Amino acid sequence: MTRFASHRSTIFASICVFAVGLICASVCAQTRFPTLTPQNSGTSEGLIAVSPVNAKVVWASGRHGTFLLTTDGGATWKSGQVPGAKWLQFRGVRGVSATTAYLLSIGNNPGNFRIYKTEDGGATWTMQFRNELAGAFYDCFAFWSPTRGIAHSDSVNGVFPDLRTGDGATWQSIADNMPPALDGEFSFSSSDTCVATQGENNAWIATGGAPIARILATVDGGDTWNAYDTPIVSSPSAGAFTVDFRDAMNGVVGGGDLDPSDPDNARTAISGDGGQTWALTTAPPVTGAIFGLSYVRQIGKACTRPICQETQRYVVVTANSGGAAWSPDEGTTWYVLPGVSGCWAVAFATPKAGWLAGTGGQIIKISF
């Protein structure tokens, strides 16, 4: 009887293994694994932000006033330095076309927080905004359209002195529209993704620094805002760094702790109600803090190809020296991006045309 029971258990176990194998094979067959292709950026400067316009035209930006442009999908990159910006770091970039782009800078004094725009492919740049408010620190910006955008700053005396443009030329304060800041609340300028925009009027801002990491959300283009708590760890060195939404309801936020003695708090959380509530996902296989993340999306006109449906829940995260990873299901399952380290930012033009950017001028094309 015991022998029969043991034999029956063995048969059952074999059937289970076979069934699981079939399931795994099916999942693997449906999951698109990425191809990573290093590209020659033409610079050794640290790169902080990247902004695809389409699969051919991509802008990037970084330290020492550096900007980059490719018009052939990264086969060749042109690097330049904005005049008078040698000692600035361009923490934000938004590409509009092969000729038009915006840059957001930080520096060591209030006047070094600036917004520039080019309309001739980087040959010349016009300064649209120069900060004069002591204590302001503009971390990132994002755009709904080529002429409508928002720039987000750390809080000053309990107020977020955020900016908005409606014409792509002038910027006005919307500080009076913002929710009150928590004590010590700020954002991280790690990849120009502490602000995400979607549709015509939706935007989300990720914060940290305070006892609670929050999402500030608007559905009317910045006229009114609400603040929602997230489960991401938060402290003077930690919080929510980066946020993205694939539609008006479904989004992901990532963050962690910059304290090297506490490297195991890199986390993502997802929302299905426009950012009002958040739930932690499986911990991604990276350390430190998630500097940047992006859905594997198609930007511009709607993508009707099957690949867009297959990859709509795919997310890629970067954690500087803590590595990089991707998920096919918004954080339930994670895979390491092998050999990727030092990347700050990631963004996609299409599922087959994404770019990672980071230290030492590295640019890596990622294709699903």
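**Overall architecture and selected local features**

In this predicted model, the secondary structure of the chain consists of 2 helices and 28 strands. The radius of gyration is 21 Å, close to the 21 Å that the globule rule gives for 368 residues, so the chain is as compact as a globular protein of that length. The C-alpha trace spans about 85 × 45 × 40 Å along its principal axes.

Of the 368 residues in the chain, 55% are buried. Among contacts with a sequence separation of 6 or more, 51% involve residues that are 24 or more positions apart. The surface exposed by the chain comes to about 15200 Å², and carbon and sulfur atoms supply 55% of this area. Charged side chains number 23 positive and 27 negative, and the centres of these two sets lie 11 Å apart.

Aromatic rings were examined next. The count of aromatic pairs in the chain comes to 22. One of these pairs is formed by Phe33 and Tyr335, with 5.1 Å between the ring centres and 70° between the planes. Planes over 60 degrees apart count as edge-to-face, so the pair of Phe33 and Tyr335, at 70°, is placed in that class. Phe33 lies in the loop between helix H1 (2–30) and strand S1 (35–39), while Tyr335 belongs to strand S25 (residues 335–336); the pair therefore ties together parts that are 302 residues apart in sequence. Phe33 has a relative accessible area of 41% and is partly exposed. Tyr335 also counts as partly exposed, at 25% relative accessibility.

A second edge-to-face pair is made by Phe129 and Tyr138, because their ring centres are 5.5 Å apart and their planes stand at 75°. Both residues of this pair, Phe129 and Tyr138, are buried. Phe33 and Tyr335 are also members of an aromatic cluster, in which they are joined by Tyr314, Trp326, Phe348 and Phe368.

The surroundings of another aromatic residue, Phe160, were also described. Phe160 is located in the loop between strand S11 (148–153) and strand S12 (163–165). With a relative accessibility of 0%, Phe160 counts as buried. When neighbours within four places in sequence are left aside, the residues in contact with Phe160 include His152, Ser153, Asp154 and Ser155. Further contacts of Phe160 include Ala175, Met178, Pro179, Pro180 and Ala181, as well as Glu185, Arg214 and Leu216. Phe160 and Phe137 are separated by 23 residues in sequence, and the distance between their C-alpha atoms is 9.7 Å.

Backbone angles were considered last. Most residues other than glycine have a negative phi. Asn320 is not a glycine, yet its phi is positive, at about 50°. This residue, Asn320, sits in the loop between strand S23 (315–318) and strand S24 (324–327). Its relative accessibility is 18%, and buried means under 20%, so Asn320 counts as buried. Glu330 likewise has a positive phi, of about 55°, although it is not a glycine. Glu330 is found in the loop between S24 and S25. The relative accessibility of Glu330 is 6%, and this residue counts as buried.

Key. Residues numbered from 1 in each chain as written. Predicted model: local features only at pLDDT ≥ 70, side-chain atom pairs only at ≥ 80, totals over all residues. Heavy atoms only, no water. Helix = DSSP H or I, 4+ residues; strand = E, 2+ residues; numbered from the N terminus. Rg over C-alpha atoms; globule rule 2.2 N^0.38 Å. Buried < 20%, exposed > 50% of the residue type's maximum accessible area, 1.4 Å probe, protein only. Contact = heavy atoms within 4.5 Å. Areas by Shrake-Rupley, 256 points an atom, 1.4 Å probe, with all protein chains shown as cover. Lys, Arg positive; Asp, Glu negative; His and termini not counted. Charge placed at Lys NZ, Arg CZ, Asp CG, Glu CD. Phe/Tyr/Trp six-rings, centres within 6.5 Å; stacked < 30°, edge-to-face > 60°.
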